Amino acid sequence: MKMIIRWFPDSADSIPLEYIRQVPGVSGVATCLMHIPVGETWPLDDINDLRDKIVAVGLEMEVIESVNVHESIKKGIPGRDRYIENYMQSMRNLAQAGVKCLCYNVMPVMDWVRSNLAQVLADGSTTMAYHHETLIRLSPSDLTNSIHGSSGGFWLPGWEEERFPQMEEDIRFYHSLSEEQYWENIAYFIDAIVPVAHECDINLAVHPDDPPWSIFGLPKIITDAQSIRRFLSLNDSNRNGITLCTGSLGASTKNDIPAILREFVSQQRVPFVHLRNIKHTSSDKDFIETAHFSNCGDLDMFEMVLALYESNFDGYIRSDHGRMIWGEQGRPGYGLYDRALGANYLLGLWEAIKKLS
Ligand code: DNO
């Protein structure tokens with residue numbers, strides 16, 4: 001098991017890489033190229049430059065999060081093959097630079113979403129919150145303004161500005177596409193990329209939908225154990241895996257996360273885990289992101305780590321979104337302090353379970 005931390009290059013992160021190096025037990029970062037438009041090939045030289053910068057401070061770049069999937073592929077429209085070719089070439093280039101795991105998602109139009117990026121908690125820290133009724137009343141432009149306006153000068157990952165002008169039109173497009181057709185479009189993409197993953201020894205790790213239910217009438221296909229089973233059966237290779245995100249799946253109270261971890265880790269289909277905690281608030285569809293410690297949220301992190309350990313998990317874990325504490329300013333969810341606390345709490349659980357086993 002390797003503990004890593006997500007980090008964004010090109011001044012898109014408030015945290016110097018050297019600080020991440022100082023977090024005990026952290027071996028590397030999950031990162032990405034920020035300057036390549038969605039759908040274009042990631043050039044080998046740029047990937048190598050990024051890796052060299054990371055390796056120079058004593059960290060590894062074995063995980064990429066994410067190479068985003070062009071909307072044409074998700075829509076299944078003419079032109080998608082060019083973007084799939086580019087995706088495959090990016091995979092080859094990443095593998096050549098030493099990348100072992102590629103996290104991506106198949107959420108239409110937008111990546112994860114929250115209604116408030118800086119809700120003040122009783123202890124004075126701030127955190128991200130999701131309030132369903134508030135969110136669904138926002139128009140796409142209200143949403144993009146609120147995401148952009150309150151993200152401290154950064155945009156949320158997957159919320160690149162270039163997507164904004166098409167958002168309303170894209171949402172309308174999906175209203176006339178059935179969920180089955182959406183699955184077919186994704187299957188077409190998976191059929192193409194899994195053989196390349198084999199050829200270049202890279203593990204694909206799709207991220208579940210966040211939140212794990214439909215918003216704005218969009219298809220959301222990776223939301224629970226059954227849909228993960230279906231996704232993995234699109235191609236039975238264990239290169240076709242999942243990023244098991246406890247916070248995304250845990251937003252649905254119907255999901256038994258330790259059972260999900262045990263099922264898919266023991267099948268060797270989980271190369272990457274995002275471990276974070278959430279707490280439901282006014283209803284089952286409303287939640288805040290809490291500190292990692294079990295007592296702070298609804299998810300029992302001991303049970304999560306135990307499930308990983310007992311299923312012989314051997315991939316990458318990252319502590320996930322943190323609160324903003326100790327006056328830190330930075331990307332919502334991606335400050336250093338709370339994620340460093342989280343990483344060390346999780347490493348402590350792992351060490352204790354290992355020694356007691
Ligand atoms: C949120 C992240 C996601 C994830 C993408 C993967 O914090 O987990 O943005 O990186 O969905 O493509």
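1. The barrel. In this predicted model, eight strands close into a barrel, and the pairing is parallel. If you want to trace the barrel round, the order to follow is E1-E2-E3-E4-E7-E8-E9-E12. On average, neighbouring strands of this sheet are turned by 30° against each other, with direction ignored.

2. One strand pair of the barrel, E1 with E2. Strand E1 (residues 2-6) runs parallel to strand E2 (residues 26-31), and four bridges join the two. For a place to look, try Ile5, whose bridge partner in E2 is Val29.

3. A helix on the sheet. H8 packs on this sheet, where H8 touches strand E7 (203-207) and strand E8 (240-245). The direction of H8 makes about 140° with that of E7.

4. The neighbour of H8. How far apart are the axes of H4 and H8, and at what angle do the two helices pack? The axes of helix H4 (residues 80-96) and helix H8 (residues 179-200) are 10 Å apart, and the packing angle is about 20°. Since angles under 35 degrees count as roughly parallel, H4 is therefore roughly parallel to H8. The crossing in which H4 passes H8 is right-handed.

5. Who meets whom between H4 and H8. From H4 come Ile84, Tyr87, Met88, Met91, Arg92 and Ala95. They meet Phe189, Ala192, Ile193, Val196, Ala197 and Cys200 in H8. Sorted by class, this contact of H4 with H8 has eleven nonpolar residues, one charged residue and no polar ones. The charged one is Arg92 of H4.

6. Strand E11 and its partners. It is worth turning next to the antiparallel pairings. Strand E10 (residues 277-280) and E11 pair in the antiparallel sense over four bridges, and the two form a hairpin with six residues between them. Within this pair, Lys279 has Ile288 of E11 as its bridge partner. Strand E6 (residues 126-130) also runs antiparallel to E11, joined to E11 by two bridges. Here the bridge partner of Tyr130 is Phe287 in E11.

7. The two faces of E11. Are the faces of strand E11 (residues 287-290) covered or open? Both are covered. In a regular strand the side chains alternate between the two faces of the sheet. In E11, Phe287 and Glu289 lie on one side, with Ile288 and Thr290 on the other, and all four are buried. Do have a look at Glu289, which is among these buried residues. Phe287 and Ile288, the bridge partners named in the previous point, sit on opposite sides of E11.

Conventions:
Residues numbered from 1 in each chain as written. Predicted model: local features only at pLDDT ≥ 70, side-chain atom pairs only at ≥ 80, totals over all residues. Axes fitted to C-alpha atoms, helices over the stretch in contact; angles between N-to-C directions. Parallel < 35°, antiparallel > 145°, perpendicular 65-115°, else oblique. Left-handed = near helix turned anticlockwise from the far one by under 90°. Contact = placed C-beta atoms within 7 Å. Buried ≥ 20, exposed ≤ 12 C-beta atoms within 10 Å, placed from the backbone. Pairing = 2+ DSSP bridges.
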